[in-house]
Amino acid sequence: MEISKKTGFGTRAIHGGLEPDSATGAIMTPIYQTSTYVQEEVGKHKGFEYSRTQNPTRSALEKNLAALEKGEYGIAFASGLAAIDAVIKMLDPGDEVISTNDLYGGTYRIFRTVFEKYGITFHFVPMAQLEEIEARVNENTKLIWVETPTNPMLNVVDIQGVATMIEEKDILLAVDNTFASPYLQNPLELGADIVMHSVTKFIGGHSDVVMGALVVSDEALANELYRIQNSSGAVPGPMDCFLVLRGIKTLHVRMERHCKNAAQIAEWLKGQPIVDKIVYPGFKDHPNHEVASRQMLDFGGMVSFSLKRNRLEDAHSLVSKTQIFSLAESLGGVESLIGHPATMTHAAIPKEEREKSGVVDSLIRLSVGIEDVEDLIQDLDQAFKSI
Ligand SMILES: *Cc1c(COP(=O)(O)O)cnc(C)c1O
């Protein structure tokens, strides 16, 4: 059976871009743990010369990633940030980028502290309001960098709306699709030029690999990004590529359970007297619920909430009392994690500024895993009762 963009997601996850090993017939792509490849004579080789440039395990993963995002070309990197780095390296001094004001902290850091000094200007606007983006567009604008949903306030940006707005202009649209995963949302289909993933999160899914990826459909854009991948050299090793290929085979099954568990936990939180605000795009009172319903298949595995008694001590106590939810940064793994953005991921942002975007002292973020939801709820319940 031919795998196409119309093939179901689960079938694409398991088979997309993959073939049995040509040397042995091995059904699983082998870990080609090699730096170089023997040439028969000068220039006569089997398509592989040096593993920074090409590696068979990485190539298999890159094709599989392209199939997941319904794109043509996948480009894998040593981390999500290395993937972002490659996109910005396509720009020239004087170019301007428009991005969201509640950007992932690491993305904000590379924009401001690495690339600004090369003469690239970054603007940060509340992207859920499209007119805020439009107001910043000028003749120097070369890239719009969208992240949706965002961390930890789960703001949702209308990808198609942004794409339509810049349709006539020579501006690239890139979407960080990490929080949604390709199972819930395919930005290329909504008009984006580049999809970026921290593969570390849902795609890898097992908290055992740090990796990043880009997927594009345009050949010239792909070649430019392959050139940067090879020139800068931030490539993932074959062992990590193997682990991610293995993780992807269950991506659809994992995502279904992440979403189902998160929805049930969000619902349970509603009944808790100590809980103040619940941030979950699946709720009708979420400011971007309508866009989320339109552009995502389901509402994802992330839930944030604050406490009525907005005290740092209570939040700290709560996140240290859970026993199944582990206190840790990161997200998207099979195991549930709990975090305190104000002192963990968002500690570098001044209190006043983070509170403006909703990251109050008592805000807690859950990355809901795929354990039995009754146990997860019981775990939260015992932690709630202890504060
Ligand atoms: C983790 C993350 C990144 C960075 O990816 P790394 O793999 O940690 O380099 C970028 N964007 C989002 C939304 C993330 O969650």
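## Exercises on a two-domain chain and its ligand

In this model, 35 residues of domain 1 are in contact (heavy atoms within 4.5 Å) with 38 residues of domain 2. The model is predicted: local features need pLDDT of at least 70, side-chain atom pairs count only at pLDDT 80 or more, and totals for chains, interfaces and linings use all residues. Residues are numbered from 1 along each chain as its sequence is written, and side-chain values use heavy atoms, with hydrogens and water left out.

**Exercise 1.** State the bounds of the two domains and describe the area buried between them.

*Solution.* Step one: domain 1 covers 9-248 and domain 2 covers 251-386, with bounds from an automatic or database domain assignment. Step two: their C-alpha centres lie 27 Å apart. Step three: the domains bury about 3,000 Å² between them, 65% of it on carbon and sulfur atoms. Buried area is the accessible area (1.4 Å probe) that two parts lose on being put together, summed over both.

**Exercise 2.** Find the salt bridge between the domains and place its partners in the chain.

*Solution.* Step one: a salt bridge requires a side-chain nitrogen of Lys or Arg within 4 Å of a carboxyl oxygen of Asp or Glu. The structure holds 18 of them, and the count between domain 1 and domain 2 is one. Step two: Arg294 pairs with Asp158, with the closest N and O atoms 3.9 Å apart. Step three: Arg294 is in helix H11 (residues 289-295), while Asp158 is in the loop between strand E4 (141-147) and H6, so the partners are 136 residues apart. Helices (H or I, at least four residues) and strands (E, at least two) are DSSP runs, numbered from the N terminus.

**Exercise 3.** Give the number of residue pairs in polar contact between the domains, then the make-up of the side of domain 1 that touches domain 2.

*Solution.* Step one: 15 residue pairs are in polar contact, both residues at pLDDT 80 or more. A polar contact is a pair of N or O atoms within 3.5 Å; within protein, one must be able to donate a hydrogen and the other to accept it, and residues adjacent in sequence count only if both atoms are side-chain atoms. Step two: on this side of domain 1, H1 (9-15), H6 (159-165), H7 (181-184) and H9 (238-248) each supply at least two residues. Step three: the residues divide into 21 nonpolar, twelve polar and two charged. Ala, Val, Leu, Ile, Met, Phe, Trp, Tyr, Cys and Pro count as nonpolar, Asp, Glu, Lys and Arg as charged, and the others, Gly among them, as polar.

**Exercise 4.** List the closest residues around the ligand.

*Solution.* 13 residues surround the ligand (a heavy atom within 4 Å), the closest being Gly80, Asp176, Ser198, Thr200 and Lys201.
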